[in-house]
Amino acid sequence: MIYYEFLFENKLLLVGINGDIDKKTMLSFLNFLFHIKETSGVSKAIMDFRKTVFQFSLKDLEEIVKLRIESSDLVKEIQVVHLVKTSFETAYIMLFAKQIPQEVANIEVCSTLKRAIQFLALDLSEEALEEALEDLAISYH
């Protein structure tokens, strides 16, 4: 299940993906996200993959990268933290991040909230950020 929320006071988008995620669902969500007006007010994002089980191949990952690059005119110059927990998640995200030009998105892979807060220069405590990530208001189906 995918959950998200905009924290406009911080120009921040929070996304949490819990459980299995396949290529079709990921592409659908990203395409949706890139085209909604709220996203234009965002300069920072956190994608929380700590509870995600990727159900797509490395070949499928190429299609996700392609969509992201093709959408760079819609969502650009954004700082993105990809929160990871395991080495498997880290490997997938690093393969993704290395293919995205920095002018499209400045991507950092983090395993701690402290590092995510530092990278994005957020005025939030680790506890407040964890609570926000645990209680995202909108679900995507």
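Which side chain meets Lys-66 in a salt bridge? The partner of Lys-66 is Glu-70, with N and O 3.9 Å apart. This report on a predicted model returns to that pair after the sheet and its helices.

## The sheet

Six strands make up an open sheet of mixed pairing, and their order is E7-E6-E4-E2-E1-E8. Strands E7 (105–110) and E8 (138–140) are the edge strands; each has a single partner strand, so one side of each has no neighbour in the sheet. On average, neighbouring strands are turned by 20 degrees against each other, direction ignored.

The pairing between E1 and E2 is antiparallel and comprises six bridges. Within it, Ile-2 stands opposite Ile-17 of E2. The hairpin of these two strands has four residues between them, and Lys-11 there takes a positive phi near 50 degrees. On to E4, the sense changes: E2 and E4 are parallel, paired over five bridges, with Val-15 bridged to Met-47 in E4. Strand E4 (residues 44–48) is also parallel to strand E6 (residues 78–83), again over five bridges. Here Ile-46 has Val-81 of E6 opposite.

## Burial in E2 and at His-82

Strand E2 is mostly covered, six of its six residues being buried. In a regular strand, side chains alternate between the two faces of the sheet. In E2, Leu-12, Leu-14 and Gly-16 point one way, while Leu-13, Val-15 and Ile-17 point the other way, and all are buried.

His-82 belongs to strand E6. Is His-82 buried or exposed? Its relative accessibility is 5%, so His-82 counts as buried, the cut-off being under 20%. Apart from neighbours within four places in sequence, the residues in contact with His-82 are Met-47, Phe-49, Ile-93, Phe-96, Ile-107, Glu-108, Val-109 and Cys-110.

## Helices on the sheet

Helix H1 (residues 23–35) packs on the sheet, where it touches strand E1 (2–7), strand E2 (12–17) and E8. The direction of H1 makes about 20 degrees with that of E1. Helix H3 (residues 87–97) lies across E6 and E7 and runs at about 165 degrees to E7.

The length of H1 can be checked against a rise of 1.5 Å a residue: its 13 residues should span 18 Å, and the end C-alpha atoms are 18 Å apart, which agrees. The buried residues of H1 include Met-26, Leu-27, Phe-29, Leu-30, Leu-33 and Phe-34. These residues cover an arc of only 165 degrees around the axis, and therefore lie on the same side of H1. Among the elements covering the buried residues of H1 are E1, E2, strand E3 (19–22), helix H2 (58–70) and E8. On the face turned away from the buried side, H1 carries the exposed residues Lys-24 and His-35.

## Salt bridges

Side chains of opposite charge can pair when their charged atoms come close. With a limit of 4 Å between the side-chain nitrogen and the carboxyl oxygen, the count comes to eight salt bridges.

Arg-50 takes part in two of the pairs described here. With Asp-48, the N to O distance is 2.8 Å; Asp-48 is buried, at a relative accessible area of 9%. With Glu-130, the closest N and O atoms are 3.0 Å apart. Glu-130 lies in helix H5 (residues 126–134) and Arg-50 in the loop between E4 and strand E5 (52–55), so this pair ties together parts that are 80 residues apart in sequence. Glu-130 counts as partly exposed, with a relative accessibility of 24%.

The pair named at the start, Lys-66 and Glu-70, has an N to O distance of 3.9 Å. Why are Lys-66 and Glu-70 separated by about one helical turn? Lys-66 and Glu-70 are four residues apart in helix H2, which means a separation of about one helical turn. Both Lys-66 and Glu-70 are exposed. Elsewhere, Lys-23, Asp-60 and Glu-63 are joined into one network by salt bridges that share partners.

Definitions and conventions:
Residues are numbered from 1 along each chain as its sequence is written. This is a predicted model: local features need pLDDT of at least 70, side-chain atom pairs count only at pLDDT 80 or more; totals for chains, interfaces and linings use all residues. Side-chain values use heavy atoms; hydrogens and water are left out. Two strands pair if DSSP finds at least two bridges between them. Axes are lines fitted to C-alpha atoms, for helices over the stretch in contact, and angles run from 0 to 180 degrees between N-to-C directions. Contact means heavy atoms within 4.5 Å. The expected span of a helix is 1.5 Å times one less than its number of residues. Buried means under 20% relative accessible area, exposed over 50%, partly exposed in between (1.4 Å probe, protein chains only). The arc is that of the directions from the helix axis to the C-beta atoms.
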